[in-house]
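Dear colleague,

I am handing over a structure for you to look through, and I would be glad if you kept it open while you read my notes. Please look at it first and then go on to the text underneath.

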Amino acid sequence: MATACNTLFFDFFGGFLSLFIWFVQLNYSFGAFLNDKIFVAEFSLTIISIIAVVLTIPTTILIFNLKQQHQKITN
């Protein structure tokens, strides 16, 4: 999980950094920056990816436990 989080962090940090530099060069205000469709799309993608990574481990553990219980019952 740590590897996935690090990969996501550095990937999105690189994307946001280039986006931020571009917005600064275009003299965007902070409000315009937050309302821009590109920023909202990048931010939404970041949040969804983080949620997916965080939920992967508990979901995998739950499925594994259910499978183990089913095998104990059938044996």
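What follows is a short account of the overall form, the aromatic rings and one serine.

Please keep in mind that this is a predicted model, in which local features need pLDDT of at least 70 and side-chain atom pairs count only at pLDDT 80 or more, while totals for chains, interfaces and linings use all residues. Residues are numbered from 1 along each chain as its sequence is written, and side-chain values use heavy atoms, with hydrogens and water left out.

To begin with the whole chain, the protein has 3 helices and 0 strands, where helices (H or I, at least four residues) and strands (E, at least two) are DSSP runs numbered from the N terminus. The radius of gyration, taken over C-alpha atoms, is set against a globule rule of 2.2 Å times the number of residues to the power 0.38. For this chain the radius is 20 Å, well over the 11 Å that the rule gives for 75 residues, so the chain is more spread out than a compact globule. Along the principal axes, its C-alpha atoms fill a box of roughly 70 × 20 × 10 Å. Buried residues (under 20% relative accessible area, with exposed meaning over 50% and partly exposed in between, for a 1.4 Å probe and protein chains only) make up 15% of the 75 residues.

Which residues do the ring pairs link into a cluster? They are Phe 20, Trp 22, Phe 23, Tyr 28, Phe 33, Phe 39 and Phe 43. Rings of Phe, Tyr and Trp (its six-membered ring) pair if their centres lie within 6.5 Å, and planes under 30 degrees apart count as stacked, over 60 as edge-to-face and the rest as tilted. By this rule there are 6 aromatic pairs. In one of them, the ring centres of Phe 23 and Phe 33 are 4.9 Å apart and the planes stand at 85°, so the pair is edge-to-face. Because Phe 23 lies in helix H1 (residues 2-25) and Phe 33 in helix H2 (residues 30-35), this pair ties together parts that are 10 residues apart in sequence. Phe 33 also pairs with Phe 39, with centres 4.6 Å apart and planes at 40°, so that pair is tilted. Phe 23 is buried at 2% relative accessible area, Phe 33 is buried at 13%, and Phe 39 is buried at 12%.

Finally, Ser 49 is found in helix H3 (residues 37-74) and is buried, with 16% relative accessibility. Leaving aside residues up to four places away in sequence, Ser 49 touches Leu 8 and Phe 12, where contact means heavy atoms within 4.5 Å.

With best wishes
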